Amino acid sequence: MSTKPGVLEPLRVRVRRFQFIVGLGFLSLVVGAMLSVSLVLRLHSRVNALPSDLLRIPVVVVLEDLWVLAVLPVFCYGAARIVALRTWTTAVGAALSGGMFVTALNFVRDGAEGLTSGWSFASVLRILAFVGGILLSARAIQAGRAAAERGSAEAEAKAASRKSEYDEFLKAAEAGGARLEQREGSTAAEASATPAASDSAATQATASAPEAASSGEANGAGAGTASSGDVPKTPAA
């Protein structure tokens, strides 16, 4: 039972990738169709005012195929900035998925005759526009991947610089803490040395006090003897 998820995981990855590519092509077709309709309505009079069909037909083809010439490359670039996409697989797959939707719509509208007949200069230009859209999408994917790699490299460089700054700050904080501990240790040593010095001075003063007292008594006794010896003896009457 534990081997089944590992066996099916590559298939699941491929299915999700296929769904993403199809969704990318369909979304490009929808957004491009909306953009094309709005531009055609605004530029209809100007396009019809062109002097010849050699100018009018290419402009019409470009307006109709904006989904593959402009919208799909933009979406491929944005997706490549986020997800690691395969260049040609994504570009060709997304363009083919959108082209299949366009072909299906034309088949529903005109039937099989619309697909087999009516090949003209405009059809050739549409094929060229389709191939050009694939090339532009592939270039957009490459540019998006390169931009994503540059962004990741810049992010790694910023992270490394921030880490070095944090390491320097940590080292400075540790050095400051060590100096503070040394100061506190020296202060405590001085504080402990000061009571010991005062105690030794008090002990010396206490020890010298009896000596001074005994020396004073001795001096007093000597003085008394000398005074008694100095008094003249008077004979008795």
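# A walk through an all-helix model

By class, 5 nonpolar, 1 polar and 3 charged residues make up the lining of the second largest pocket, and that pocket is a good place to start in this predicted model. To bring up the lining, select Val 13, Arg 16, Arg 17, Phe 20, Val 83, Ala 84, Leu 85, Arg 86 and Thr 90. The space they surround comes to about 150 Å³. Which helix gives the most to this lining? Colour residues 3-48 and you have it: helix α1, with 4 residues.

Now zoom out and switch to cartoon. The protein has 6 helices and 0 strands, so reading along the sequence you simply get α-α-α-α-α-α. Colour by burial next: of the 237 residues in the protein, 18% are buried. If you like contact maps, draw one here. Among contacts with a separation of 6 or more, 85% are between residues 24 or more positions apart.

Next stop: a helix pair. Select residues 53-64 for helix α2 and residues 66-82 for helix α3. Their axes sit 5 Å apart, and the packing angle is about 45 degrees. What does that make the pair? The two helices, α2 and α3, are therefore oblique to each other; the roughly parallel label is kept for angles under 35 degrees, and roughly perpendicular covers 65 to 115. For the contact itself, show side chains for Val 62, Leu 63 and Glu 64 on the α2 side, and for Leu 66, Trp 67 and Leu 69 on the α3 side. Sorted by class, the residues of this contact are 5 nonpolar, no polar and 1 charged.

Keep Leu 63 on screen and add Val 37, a residue of helix α1. Put a distance label between the two C-alpha atoms and it should read 8.3 Å, for residues 26 apart in sequence. Is Val 37 buried, exposed or partly exposed? Its relative accessible area is 48%, so Val 37 counts as partly exposed, given that exposed means over 50%.

For the last stop, jump to residues 121-230, which form helix α6, and pick out Ser 137. Here the accessibility is at the other end: Ser 137 has 0% relative accessibility and therefore counts as buried, the cut-off being under 20%. What is Ser 137 in contact with, leaving aside its neighbours within four places in sequence? Select Val 68, Leu 72, Pro 73, Cys 76 and Ala 91 to see those partners around the serine.

How values were computed
Residues numbered from 1 in each chain as written. Predicted model: local features only at pLDDT ≥ 70, side-chain atom pairs only at ≥ 80, totals over all residues. Heavy atoms only, no water. 1 Å grid on protein atoms, 1.4 Å probe; cavity = no way out; pocket = protein on both sides within 12 Å on 5 of 7 lines; lining within 4 Å. Points joined across faces, edges and corners; volume = space filled by probe spheres on them. Nonpolar A, V, L, I, M, F, W, Y, C, P; charged D, E, K, R; others polar. Axes fitted to C-alpha atoms, helices over the stretch in contact; angles between N-to-C directions. Parallel < 35°, antiparallel > 145°, perpendicular 65-115°, else oblique. Contact = heavy atoms within 4.5 Å. Buried < 20%, exposed > 50% of the residue type's maximum accessible area, 1.4 Å probe, protein only.
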